[in-house]
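Colleague: I have a fold open on my screen and I'd like to learn how to read it. Could you walk me through it, feature by feature?

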Amino acid sequence: MAIVVDLDVQLARCGLSVGEFAAAVGITPANIAVLKNGRAKAVRFTTLDAICRTLGCQPGDVLRWVPDDANDE
């Protein structure tokens, strides 16, 4: 996958647990795990908005693009 989700970095920066974060965003901890592990196929803009509001960050702080060949290294 060429899109990497850096939620761990932002959660650590804010000192939030996955449970606290999930409750604040309004999604289940299981769906947070899907995002963190790179298994998500899509993210709704409303969810991304809630993530950014909760973490006080921009979408680019949570999502980043990595070329496919860089994942093979």
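**Reading the model**

Modeller: Let's start at a helix end: Gly56, just after α4, takes a positive phi of about 65°. Helices here are DSSP runs of H or I with at least four residues, strands are runs of E with at least two, and both are numbered from the N terminus. This is a predicted model, where local features need pLDDT of at least 70 and side-chain atom pairs count only at pLDDT 80 or more, while totals for chains, interfaces and linings use all residues. Residues are numbered from 1 along each chain as its sequence is written, and side-chain values use heavy atoms, with hydrogens and water left out.

Colleague: Fine. Which residues of α4 are buried?

Modeller: Buried means under 20% relative accessible area, exposed means over 50%, and partly exposed is in between, using a 1.4 Å probe and protein chains only. In α4, the buried ones are Thr47, Leu48, Ala50, Ile51, Cys52 and Leu55. For the spacing, recall that an α-helix has 3.6 residues a turn, so residues three or four places apart point the same way.

Colleague: And what covers the buried residues of α4?

Modeller: The cover includes α1, α2, α3, α5 (59–62) and β2 (63–65). Take two residues of the helix. Thr47 has a relative accessible area of 17%, so it is buried. Setting aside neighbours within four places in sequence, Thr47 is in contact (heavy atoms within 4.5 Å) with Val25 and Ile27. Cys52 counts as buried because its relative accessible area is 11%. Under that neighbour rule of four places, Cys52 is in contact with Cys57, Gln58 and Pro59.

Colleague: How many residues does the largest nonpolar core have?

Modeller: First the idea: a nonpolar core is a set of buried Ala, Val, Leu, Ile, Met, Phe, Trp, Tyr and Cys residues joined through side-chain atoms within 4.5 Å. The largest one here has 16 residues, and those with the most contacts inside it are Leu7, Phe21, Leu35, Ile51, Leu55 and Val62. At least two residues of this core come from each of α1, α2, α3 and α4 (45–55). The biggest contributor is α4, with five residues.

Colleague: What does Leu35 touch, then?

Modeller: Leaving out neighbours within four places in sequence, Leu35 is in contact with Val5, Leu7, Ile27, Ala40, Val43 and Ile51. You can pick up Val5 from the other side: it lies in strand β1, and at 18% relative accessibility it counts as buried. With neighbours within four places left aside, Val5 is in contact with Leu35, Lys36, Val62 and Leu63. The C-alpha atoms of Val5 and Lys36 are 6.0 Å apart, although 31 residues separate the two along the chain.

Colleague: Now helix packing. At what angle do α2 and α3 pack?

Modeller: Each axis is a line fitted to C-alpha atoms, for helices over the stretch in contact, and the angle runs from 0 to 180 degrees between N-to-C directions. Helix α2 (residues 18–25) and helix α3 (residues 29–36) pack at about 105°, with their axes 9 Å apart. That makes α2 roughly perpendicular to α3; the scheme calls angles under 35 degrees roughly parallel, over 145 roughly antiparallel, 65 to 115 roughly perpendicular and the rest oblique. Val18, Phe21 and Ala22 of α2 make the contact with Pro29, Ile32 and Lys36 of α3.

Colleague: What about polar contacts? What does the side chain of Asp6 make one with?

Modeller: A polar contact is a pair of N or O atoms within 3.5 Å; within protein, one must be able to donate a hydrogen and the other to accept it, and residues adjacent in sequence count only if both atoms are side-chain atoms. The side chain of Asp6 makes one with the side chain of Arg64, at 2.6 Å. Asp6 sits in the loop between β1 (3–5) and α1 (7–14), and at 17% relative accessibility it counts as buried.

Colleague: Where does the side chain of Arg13 reach?

Modeller: Arg13 lies in helix α1, and its side chain reaches the backbone oxygen of Leu55 at 2.5 Å. Neighbours within four places in sequence aside, Arg13 is in contact with Leu55, Gly56 and Cys57. That brings us back to Gly56, the residue with the positive phi just after α4.
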